[in-house]
Amino acid sequence: MNKENIYSTSIEGFTIRFATIDDTKLILQFIKDLAEYEKLLDEVAATEEILKKSIFEKGQAEVVIGEYDGEAVGFALFFHNFSTFLGKANLYLEDLFVKPEMRGKGFGKALLSFLGKIAIDRDCGRLDWWCLDWNTSSIEFYKEMGAKPMSDWTVYRVEGPKLKELADKL
């Protein structure tokens, strides 16, 4: 896949492209829209400057933008992680969001399929993501796309002052 190209989909008028630094404001807006949907808007600390540095300067994540008739209607933010059991990289989907008024048209499916294609093209072992337990519509969507919940695993997190405390224990 060439990051410069616009990719056609099977949906008339819907294309997908890799984001550029000029999309930083749009990416931040999508993040805020998603956070509002998830009732987590107060947790968004990202700024345009942070996103520019993290995504476009450090290359810590990648973003694709879904456009319908030239208008940005959704995005997916992802990065590589690694499976020691598989011995290869995977794609981790951090965020997938389609504007509420544009849902039901297949755009989310196309974005997820595009990530699947990226994973195959990059010889990744799998595509992983988390989903909030209360988000039943997304859970059903993911299951329809062939995903299965990893119910034997619990997510753990260390953040903020506790992360600093952990690092100081060295």
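Guide: Let's start with a ruler: the radius of gyration is taken over C-alpha atoms, and the globule rule is 2.2 Å times the number of residues to the power 0.38. What you see above is a predicted model, where local features need pLDDT of at least 70, side-chain atom pairs count only at pLDDT 80 or more, and totals for chains, interfaces and linings use all residues. Residues are numbered from 1 along each chain as its sequence is written, and side-chain values use heavy atoms, with hydrogens and water left out.

Visitor: How do you know that the protein agrees with a compact globule?
Guide: For 170 residues, a compact globule would have a radius of gyration near 15 Å, and the protein has 17 Å, which agrees. Its C-alpha atoms fill a box of roughly 55 × 35 × 35 Å along the principal axes.

Visitor: What makes up the secondary structure of the protein?
Guide: There are 5 helices and 6 strands. Helices (H or I, at least four residues) and strands (E, at least two) are DSSP runs, numbered from the N terminus. Starting at that end, you'd read β-β-α-α-β-β-β-α-β-α-α.

Visitor: Why is Asp23 called buried?
Guide: Buried means under 20% relative accessible area, exposed means over 50%, and partly exposed is in between (1.4 Å probe, protein chains only). Asp23 has 9% relative accessibility, so it counts as buried. Arg17 has 15%, so Arg17 is buried as well. Over the whole protein, buried residues make up 32% of the 170 residues.

Visitor: What makes Asp23 and Arg17 a salt bridge?
Guide: A salt bridge needs a side-chain nitrogen of Lys or Arg within 4 Å of a carboxyl oxygen of Asp or Glu. Here the closest N and O atoms are 2.7 Å apart, and Asp23 does form a salt bridge with Arg17. The general idea is that side chains of opposite charge can pair when their charged atoms come close. The structure holds 9 salt bridges.

Visitor: Why are Lys117 and Asp121 about one helical turn apart?
Guide: Because they sit 4 residues apart in helix H3 (residues 107–121). They also form a salt bridge, with the closest N and O atoms 3.1 Å apart. Lys117 has 43% relative accessibility, so it counts as partly exposed, and Asp121, at 42%, is partly exposed too.

Visitor: Where else do side chains meet in a salt bridge?
Guide: Try Asp168 and Lys164, at 2.8 Å from N to O. They are 4 residues apart in helix H5 (residues 160–168), so about one helical turn separates them. Both Asp168 and Lys164 are exposed. Elsewhere, Arg17, Asp23 and Glu67 are joined into one network by salt bridges that share partners.

Visitor: How do you know that Asp95 has no salt bridge?
Guide: Lys and Arg count as positive and Asp and Glu as negative, while His and the chain ends are not counted. For buried Asp95, the nearest side chain of opposite charge is Arg157, 9.5 Å away. Asp95 lies in strand E5 (residues 88–98). Leaving out residues up to four places away in sequence, Asp95 touches Ile31, Leu34, Phe75, Ala76 and Leu77, where contact means heavy atoms within 4.5 Å.

Visitor: What makes the phi of Asp69 stand out?
Guide: Most residues other than glycine have a negative phi. Asp69 isn't a glycine, yet has a positive phi of about 50°. Asp69 is in the loop between strand E3 (62–68) and strand E4 (71–83), and with a relative accessible area of 61% it is exposed. Asp123 also has a positive phi, near 60°, and its place is in the loop between H3 and strand E6 (127–129).
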